[in-house]
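Trainee: I have a model open and I'd like to learn how to read it. Can we go through it feature by feature?

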Amino acid sequence: MKDFPVSTRSLVLPKPLNLIGNDFRPAASGAEMEVLSPLDGLPFTTIADSGPEDVDAAVAAARAAFDGGTWSKLSAAERGRLMLKLSALILEHAEDLAQLETADNGKPIVQARADMQVTARYFEFYGGAADKVHGEIIPFQPGYNVEVQREPHGVTGHIIPWNYPAQMFGRSVAPALAMGNATVLKPAEDACLTALRIGELAVEAGFPPGALNIVTGRGEVAGKALSEHRGIDFISFTGSPEVGVMIQTAAARNFIGCTLELGGKSPQILFEDADLEAAIPVVVKALIQNGGQTCSAGSRALVHRSLWDRVVAELKTAFEAIEASASDEAAVLGPLISARQKRRVEGYIADADAPLIARGGIAAEAPEGGYYVAPAIFGPCAPDARIAQEEVFGPVLAMIPFDDEAEAIRIANGTDYGLVAAVWTRNGARQQRVAKALRCGQVFINGYGAGGGVELPFGGIRKSGHGREKGFAALLEFSHIKTVVNNHG
């Protein structure tokens, strides 16, 4: 077993097996694929390289669980108790899961530990919510009793990305399970080990066969097969807009619904009365966290011209002190997920159509084969500059000056995305005006992010996707309405 920077002890690695009907089995073809660690670029285990036949088996297991299986016979309260057991097991194994996440994904160990807490919280929150989705009675004509009921879709498909493997497992799958759906998960091939380990914990918690199925493999093979499968009733996808179009097209062909979260180019707007002592550290963290590989990363800083010089100076100092490094206890910026992603981000930096303000560094002790990229700030950027319009998905910040509130709003809304935004001002009236004017799914005032924000509905508009995850809104996404009209005379 290789020695990872995060730990001197050996990792407990999941076997290269799919989870189908509580049976751990290899891909039907027997094929496996190597897993490379972003920390050093070297292989350290394998996963099942699954195909359509494996997806067929997983969907069949889920269908059996939903259509008369043990899962379908559980009450909402019983489903909730199982989810609470899984939450407790995730917390019990949180350190091992965090070590595994860091080796597989490359994120700093401190961030991986936080992710495990959030993952457990998803199953805790939705476990507690499982029996609290109520219907309603509609007053109708005399002689009628009308009930509106919430029911699960049936079999739901979940395709999650590599940037937050454990968190995304909880975010996508937990509300679907809470509503009573049977699920099939296809995690990203670049980082899926914690998902497999949590699947093992779900079996240990007592989830009945078929409630949760996990199939690993390539997106263009296993992911495609799942998204197009006629046996699923709803699909949830987080990833790129390009793949989102394919997912939505496949869903339309099968006449099913989908939830899509497709990224963003989220602005942080610093007005002339912003509390910079509070704002600057948050601006840095919102961009650097997870190497900038976050859909809601604050990748644009819109700065009032009166503050420009001070904000530039403070961000320059902060960024130049940051070094990408192997994920030891002190690391704040780890490697990117893959050599491909590193080339992509470095391409944006090399071709940036704006002046470079500052770059951080790469620690001398960072393994040479790892996918490390020094963070960068560019500005002043034209609002329509490529670096200010496209999602880089790396530690790259675009700074844009503005003169007044109307211009700030126009620039903030001036991309194809609409996921998250932040407004930094002490002016209460301005807080409300700007929050209302911003075209996005979440607005933070004098802050950014919410430590996972499990309770807070999350999603976007336009190219950022549609539908909502997190909070009670996710339970509604994973259910449909049935109206029952009783004519009792």
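Mentor: Sure, domains to start with: their bounds come from an automatic or database domain assignment. Here that assignment gives domain 1 (18–262 + 466–483) and domain 2 (267–453). Residues are numbered from 1 along each chain as its sequence is written. Keep in mind that this is a predicted model, where local features need pLDDT of at least 70, side-chain atom pairs count only at pLDDT 80 or more, and totals for chains, interfaces and linings use all residues, while side-chain values use heavy atoms, with hydrogens and water left out.

Trainee: How many residues does the contact take from domain 1 and from domain 2?

Mentor: Contact means heavy atoms within 4.5 Å. The centres of the two domains, taken over C-alpha atoms, are 30 Å apart, and the contact takes 29 residues from domain 1 and 29 residues from domain 2.

Trainee: What is the volume of the largest pocket?

Mentor: On a 1 Å grid over the protein atoms alone, a pocket is an open set of points with protein on both sides within 12 Å along at least five of seven lines, and lining residues have an atom within 4 Å of a point. Grid points are joined across faces, edges and corners, and the volume is the space filled by probe spheres (1.4 Å probe) set on the points. The largest pocket comes to about 1500 Å³. Of its 50 lining residues, Trp162, Asp190, Ser240, Val243 and Arg340 are the closest to the centre. Domain 1 and domain 2 each give at least three residues to the lining.

Trainee: Which helix supplies the largest share of that lining?

Mentor: Helices (H or I, at least four residues) and strands (E, at least two) are DSSP runs, numbered from the N terminus. H9 supplies the largest share, eight residues.

Trainee: How do I read a helix pair, and at what angle do the axes of H5 and H6 cross?

Mentor: Two packed helices are described by the angle and the distance between their axes. Axes are lines fitted to C-alpha atoms, for helices over the stretch in contact, and angles run from 0 to 180 degrees between N-to-C directions. The axes of H5 (residues 109–129) and H6 (residues 165–178) come within 8 Å and cross at roughly 5°. That makes H5 roughly parallel to H6 (angles under 35 degrees count as such).

Trainee: Where is there unusual backbone, such as a cis peptide bond?

Mentor: Most residues other than glycine have a negative phi, and most peptide bonds are trans. Gly379 and Pro380 are joined by a cis peptide bond, with omega about -5°. Pro380 sits in the loop between strand E17 (376–378) and helix H13 (386–389). Asn22, not a glycine, has a positive phi of about 65°.

Conventions: Parallel < 35°, antiparallel > 145°, perpendicular 65-115°, else oblique.
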